[in-house]
Amino acid sequence: MTAPIVLRGVGLVLGGLRILQGIDLEIRQGEFACVVGPSGCGKTTLLRALAGLLPPTEGEVLIGGVPVRAPRRDVAVVFQDYSRALLPWRTAAGNVALALETMGMPARAQAARIQDLLARVGLAEHAEKFPGQMSGGMQQRLQIARCLAQEPNVLLMDEPFGALDAMTRQTLQDEVLGLVAERGVTVFFVTHDLEEAAYLGDKVIGLLPRPGRVAKHFTVDLPRPRDQLATRETPEFLRLRRSLFDFMRAAEA
Amino acid sequence: MTRLLRAIAVPAALLLAGEIAMRAAGSSSDALAPPSDVAAALAALLADGEMLRASAETLASALGGLAIGGGVGLLAGLLFGAVPAAARLFAIVVEGIRPIPAVALIPLALILFGFGFRLEIAIVAFAAIWPMLVFTQAAVAAVDTQLLDVARVLRLPLAARLARIVVPFALPRIFVAFRLAFGVALIVAVTVEIAVNPLGLGYGMTMAQQTLRPADMLAYLVWIGVLGFLLNVLLLVVQRTVFGRFLPRGARP
C-alpha cells in the first residue's frame, strides 16, 4: 500500500538525443508533487518513465521500493488528450469496464463497481453515453474514473486539465484533491500552469531543459483543504506564485 | 415529388430521344437497340430465369473470390500493420506481385483449373487481395499511439490489445476496404466471363453480342449496372448503420 516514488540518477537517451540527465527525486507516500518547466524539459518523458512506458537508459525508478520496468496495476496514468485516451466505440461504462476486464473481475461484479466509480466522478447519470456525446470535462472525469478502477497507489497525471476552460479546470482540480485525500495516493502531476501547480501541490519540482534535469524544489506551505478563492489570496500562495514565475522566466531566458 | 421529377427528367428525356432516333432511322442495328426493346428483353430474360441464374453464377464467383482473397488480404494487412518488421520483410514480394493485372493470370489459371468456377474464383481472389491488404495495413498502422499507451498502462495482453483496441479502431476503415474489394471482385468476375469463362452475366452478354441480339446484350449491360449500384447502396447502408457513430477521428470515409 505504501508507494513512495524514488528516482536515482535517472537519465534517458532517445534516438541519440539526451532527454533526461541525472534526475534524483523523492516523493513521499501520499505526497502531491507537481512538475513544471519550459517546453522540452522532459516533463512528459519523465512521467512515461515513471509509468513504465519508457525505461530509462541510466539510473533507476522505484515505486514502493520496487524497480519500475513495465506498467503496473497500482500505477494509473491520466493522459492529457482525453479524446484520444478513451475508446470512442464504448460507452462511459464500457470505458471503465476496460480497466476492470484486465484485472479479471467477473462480469457480474463489474456493473455495481462501474456505477460506483462513475458516481465518484459525478458521471452516474451518463453511464450509457459515448465519449463523443460528452463535454471535455466529462471525458476527463471518465478517464479519471477508469484510473480509479485500477485502485492505484500512484497517480501520474500529464497536464490533465490543460485543454479545459478555466471554470471546468477549477472544478476538476478540487475533485482530484478530494479523491486524492480520500485514498491517500501519491501524485505526480505535470502541468504548465504555475498557479495550478502551487494550488494543488505539496511541492513543486522545477525542471530545466536540454537535457531535462531537476533545477529547483519549491515547498508548498499552504493549509489543506485548499480553497479556490481563499488559498489563492494568501500571502504564501502569492509568494510561491512569484518565485515560480521568476524560475520560469529565468529558465526560458 | 417535384424533386423526383426533376431528378429523372434528364434521363427520361435522353431515353425518349434515343427511342425516337432509333425508330426514325428505322434500320435494325447489330450494335444498338431502342430503349423499349432493351426493356422488353430485360423483362423476358428476368421472366425466364436466365438473368437470375447468370447473376447467381457471377455473384457466387465474386463472393467466393472475395472471401478467399479478401481473407488473405485482411490477415496479411493485420499482420503487416501491427508488425512493421513483417511488412518490410514482405515489401518486395508484395510490390512485385501487386502490379500484375489480375486478368493477365487468366491463361495460367485456365491451365491450372480449366473452365468453371475455380478459374474465376482464383482470378477474383488474386484481385481482391490487394485493396484489402493495403487498406487494412494502413488502418492498423494508423491506430492512435496514445490508445496503445492506454492499453499498455492497463496491461492488456496482446490478444486483448488486438481484439479490444486495434481491430475496433481499424474496423470502419477495413469495411471501406471491403467495399472497394467487393467492387473489384464484381468487375473482375464479369471480365473473366467476357474473356473466357462460359458462366454468368459476362458470358450471357458476350453470347448475345455474338449471336447479333443487341437488345439482349444491352439488357445484360443495364442489369449489371443495376446490380452493382444496388450492392454498393446496400454496403453503404450497412456501413452507416454499423459504424456511423463510432468512427474515430480521421477515420470517416
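**Exercise 1. Classify A:C34 and A:C41 by burial, then settle their disulfide status.**

Step 1. A:C34 has a relative accessible area of 0%, so A:C34 is buried (under 20% relative accessible area; exposed is over 50%, partly exposed in between; 1.4 Å probe, protein chains only). A:C41 is also at 0% and counts as buried.

Step 2. This is a predicted model: local features need pLDDT of at least 70, side-chain atom pairs count only at pLDDT 80 or more, and totals for chains, interfaces and linings use all residues. Residues are numbered from 1 along each chain as its sequence is written, chains are lettered from A, and side-chain values use heavy atoms, without hydrogens and water.

Step 3. Over all chains, the structure holds 0 disulfides (pairs of cysteine sulfur atoms within 2.5 Å). For A:C34, the nearest cysteine sulfur is that of A:C41, 14 Å away. A:C41 is likewise in no disulfide.

**Exercise 2. Find which residues touch the most other members of the largest nonpolar core, and which helix gives the most to it.**

Step 1. A nonpolar core is a set of buried Ala, Val, Leu, Ile, Met, Phe, Trp, Tyr and Cys residues joined through side-chain atoms within 4.5 Å. The largest one has 153 residues. A:L7, A:F32, A:L118, A:I144, A:L156, A:M157 and A:F188 touch the most other members.

Step 2. Helix α8 (residues 158–195) of chain B gives the most, with 15 residues. Helices (H or I, at least four residues) and strands (E, at least two) are DSSP runs, numbered from the N terminus.

Step 3. Take A:L156. Leaving out residues up to four places away in sequence, A:L156 touches A:L47, A:L50, A:A51, A:V75, A:A76, A:V77, A:V78 and A:F188 (contact: heavy atoms within 4.5 Å).

**Exercise 3. Place three salt bridges in the structure, with the exposure of each partner.**

Step 1. The structure holds 26 salt bridges over all chains (a side-chain nitrogen of Lys or Arg within 4 Å of a carboxyl oxygen of Asp or Glu).

Step 2. A:E60 and A:R8 meet at 3.0 Å, N to O. A:E60 lies in strand β4 and A:R8 in strand β1 of chain A, so the pair ties together parts 52 residues apart in sequence. A:E60 is partly exposed at 31%. A:R8 is partly exposed at 46%.

Step 3. A:D246 and A:R242 pair at 3.3 Å. Both lie in helix α9 (residues 235–252) of chain A, 4 residues apart, about one turn of the helix. A:D246 is partly exposed at 32%, and A:R242 is exposed at 52%.

Step 4. A:R28 pairs with A:E31 at 3.4 Å. A:R28 is exposed at 56%, whereas A:E31 is buried at 6%.
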